[in-house]
Amino acid sequence: MLGRYTAGAKQPIIAIGNVLGGFTMLAVSFAAWFGAAPSTRRSGLAVTLMLLLIVQIAAGVFVSAGYSGLSCTGFPACGVAINFSSTLLDPTRVPQFDATLPIHPQGAFAHMLHRGLALLVTLAALATSMSVWRSGARRAAIALGSLLVLQIMIGLTLVHASLPFVAALAHNVVAALMLLAASACLRVREHSERVDVA
Ligand code: HEM
């Protein structure tokens, strides 16, 4: 419905809805493939990671759809002065910028927020990996840890190489795979042997 009725829309919220909708379909298909988890016991760490990932994916699409990918060319600092106005984080606002400039400085706030959230995702993913490793689901732990390292490296490539298309595509695919790995970790307590098979 979003794709059909919002073609050409410039508000980032439309792209965010589209990507989150697609990723949700993927995660639901994955859950359907492995069957419903009967127990109500869930790993709090994996739930936190899942929520952080959803927020981080929305923030990443906001960076991309808001033309903010090139707003910070430095690392770890942004490299330009940041305007912390909350209106710059309004996903319903059509991004306004001078297309003749090489960078869009008003996007620096969103860009740095995405990097800050990456730090929280890293902490949650490492803690979840260690926890599921201890539960015996080693493949899920290794998959999550490896995808995290890969995603950070691709993020750095995006910044340093000025958004090569292949890296942007890979960043999206790895984000989806991280969501599936987190979803596998969610069911470790109930189905550790099935996750190991996965
Ligand atoms: C660790 C977890 C991370 C996740 C789950 C994540 C996820 C995403 C997603 C889903 C997008 C949208 C891609 C698109 O629609 O084209 C995105 C964009 C982006 N991310 Fe990340 N990201 C992460 C970490 C990072 C890090 C560490 C950096 C940089 C140091 C980074 C830099 C970027 C940039 C520059 C874009 C904009 C790409 C474009 O304009 O096409 N990301 N991210």
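How far is an oxygen atom of the ligand from an N or O atom in the side chain of Ser64? In this predicted model, the separation between these two atoms is 3.3 Å. A second polar pair involves His171, where an N or O atom of the side chain is placed 2.8 Å from a nitrogen atom of the ligand. Asn172 also takes part, with a polar side-chain atom at 3.2 Å from an oxygen atom of the ligand.

Ser64, His171 and Asn172 belong to the group of closest residues, which also includes His114 and Gln151. In total, the ligand is surrounded by 22 residues. By class, this shell consists of 12 nonpolar and 10 polar residues, and charged residues are absent from it. The ligand occupies the space of the largest pocket.

The shell was next examined by helix. At least two shell residues come from each of helix 3 (44-65), helix 4 (108-134), helix 5 (138-160) and helix 6 (165-186). Helix 3 makes the greatest contribution to the shell, at seven residues.

The nonpolar interior was treated in the same way. The largest nonpolar core comprises 30 residues, and within this core Leu49, Leu53 and Met178 have the most contacts. Helix 3, helix 4, helix 5 and helix 6 each provide at least two residues of this core. The greatest share of the core comes from helix 6, which supplies 10 residues, whereas helix 3 gives the most to the shell around the ligand.

Methods
Residues numbered from 1 in each chain as written. Predicted model: local features only at pLDDT ≥ 70, side-chain atom pairs only at ≥ 80, totals over all residues. Heavy atoms only, no water. Near = heavy atom within 4 Å. Polar contact = N/O pair within 3.5 Å; in protein donor to acceptor, adjacent residues only side chain to side chain. 1 Å grid on protein atoms, 1.4 Å probe; cavity = no way out; pocket = protein on both sides within 12 Å on 5 of 7 lines; lining within 4 Å. Sits in = over half its atoms within 2 Å of the grid points. Helix = DSSP H or I, 4+ residues; strand = E, 2+ residues; numbered from the N terminus. Nonpolar A, V, L, I, M, F, W, Y, C, P; charged D, E, K, R; others polar. Core = buried A, V, L, I, M, F, W, Y, C linked by side-chain atoms within 4.5 Å. Buried < 20%, exposed > 50% of the residue type's maximum accessible area, 1.4 Å probe, protein only.
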